Amino acid sequence: TPAQVSVSIDTSHPGDVIQPAVEGQFAENLGRGLYQGIWVGPGSSIPNTDGYRNDVMAALKKLHVPVIRWPGGCFADTYDWRDGIGPAAKRPRRINGNWGGVTDDNSFGTNEFMNYSERLGADAYVSLNLGSLPAHTSAQWVEYMTSDSDSTLAQERRANGRDKPWKNLKYVGFGNELWGCGGDMNATYATELFKRYAAFVNPAPGAPSFVKVASGPHDTQYDWTETLMKNGGKQLGAISLHYYTIPGDWEHKGSATGFTRQEWATTLSKARAIDGMIARHSAIMDKYDPDKKVALYVDEWGTWYDQEPGSHPGFLYQQNTLRDAEVAALTLNIFFRHTDRVKLAAIAQMVNVLQAMILTKGDKMLLTPTYDVFHMYIPFQGATPYPASVSGPEYKQGDVDLPMVDVSAAKGTDGKLYLSLVNLDPDRAAHVVTGLKGAATGQILTGPKMDTHNTFNAPNTIHPMAYSGKMSGGKLSFDLPAKSVAVVAVTQQ
Ligand code: AHR
């Protein structure tokens, strides 16, 4: 018998608007994320436009990607932007020391990234190299991208085929994981470095301003947040937070497919742990910034499993199943509850890396269940969230104990009320009764198995299906199957 769940939505206490950027993407020069994933080059036999894969570009356009973070990740603090400009044939070949030790030809560089994000209608979030290059180099990079003058750098951009500066550089990251791959620094040193670089890296005269993002903590690294907030200075626009959902530990992360019930439950429980971390980082931020001028950007999040057996070491290629869809939905719902601080987030990563939207193999492409969730969640971009309280049974598995159903509610920019309903239980359906009256239609994502996923031979195995609620006993209610994510628009009576 289905579990009885009731939901009440409090429209009298709206939260801050859900910034579209919380549905952002991270695209590092890692594995087949850029090369083969979005970029095949103009000479490729894979259908492309100016070197960009047509299939991937079309799929991303449908996702309304608000922002893309590039070029890293750990790669950012090894990257010299000058390697990736000018005639492709003259660009140097460099070894990617972080990711697989492979050599690439730098054919995907600044112009290629900025043009790509512009074509997608996305803002650009560029991460500078603080770890291994001087501030002057970063200042010159920003001038190259943003100056409309006749400076030598602006002229160089024009000679490279781009007349006008890009207007979509909205976020600039000052290094990445400076406590780790970005230079193994301590928080005090990293904070001073942020201030020094931030003093010199500014938009060109007349160019739109951008948010200066300091490399922030991971997980529960609260002392890092404390130091940054205390001493970060006036330039600090946002601090980043990285959190990955790993079912096991770093040595044995667990398989992306073929996992147990316990691993399903542990994964969802670990994904939900970000809620408490955001709350605590936010509380520290509140101490130093009660007016909430500094934002928290969760600019790396998502599942991280053992990479697919047989895939190139260091490429972080993994399958993506219904479990990942649940992680995506639960995490976005958590972001919607922290809109006072979380103004941007970027899932790791967009194509072929970690919890990807899209996987490619040669000329083939598939959309993952995570893609489906992001697509279903488009109406939440720019929406006004309402608190939703859910009462019903717990979902228990071994030592894991979670609310069985998770709900998000928000008023979309079209004026409609949107609900997201997530059933975490892999075995039990729920009957969800709301306090609303009216009709509700939308889509649901579910599948017969916990690891239901698409393959290149069967790319349509899992995809969203039409879904609706019904009025029963004068209340709008939903029959929510086990292991499912639904998003509906409510037409209230
Ligand atoms: O997303 C993969 C890597 O994870 C990033 O390069 C790094 O920032 C993080 O540790």
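Two strands count as paired if DSSP finds at least two bridges between them, and strands of a sheet pair through backbone hydrogen bonds, either parallel or antiparallel. With that in mind, this predicted model can be read from one pair of strands outwards.

Strand E1, which covers residues 3–9, runs antiparallel to E17 and is joined to E17 by four bridges. On the E1 side of this pairing stands Ser8, whose bridge partner in E17 is Ser389. Both strands belong to an open sheet of five strands, in the order E17-E1-E22-E26-E25, and the pairing within this sheet is mixed. Strand E17 (388–391) and strand E25 (470–472) are the edge strands, each pairing on one side only. On average, and with direction ignored, neighbouring strands of this sheet are turned by 30° against each other.

The domain assignment divides the chain into domain 1 (3–10 + 386–492) and domain 2 (20–382), and the C-alpha centres of these two domains lie 29 Å apart. Where the domains touch, domain 1 gives 31 residues to the contact and domain 2 gives 35 residues. On the side of domain 1 that touches domain 2, the elements that give two or more residues include those in the table.

| Element | Residues |
|---|---|
| strand E19 | 400–403 |
| strand E20 | 405–411 |
| strand E21 | 417–423 |
| strand E23 | 438–446 |

By class, this side of domain 1 has 16 nonpolar, 12 polar and three charged residues.

An unreviewed UniProt entry places the feature "domain: Alpha-L-arabinofuranosidase C-terminal" at residues 299–484. Over residues 299–484 the chain is 12% helix and 41% strand, with the end C-alpha atoms 26 Å apart.

Terms used. Residues are numbered from 1 along each chain as its sequence is written. This is a predicted model: local features need pLDDT of at least 70, side-chain atom pairs count only at pLDDT 80 or more; totals for chains, interfaces and linings use all residues. Axes are lines fitted to C-alpha atoms, for helices over the stretch in contact, and angles run from 0 to 180 degrees between N-to-C directions. UniProt positions are given in the numbering used here, feature names are shortened, and annotations may be inferred rather than shown by experiment. Domain bounds come from an automatic or database domain assignment. Two residues are in contact if their C-beta atoms, placed from the backbone, lie within 7 Å. Ala, Val, Leu, Ile, Met, Phe, Trp, Tyr, Cys and Pro count as nonpolar, Asp, Glu, Lys and Arg as charged, and the others, Gly among them, as polar.
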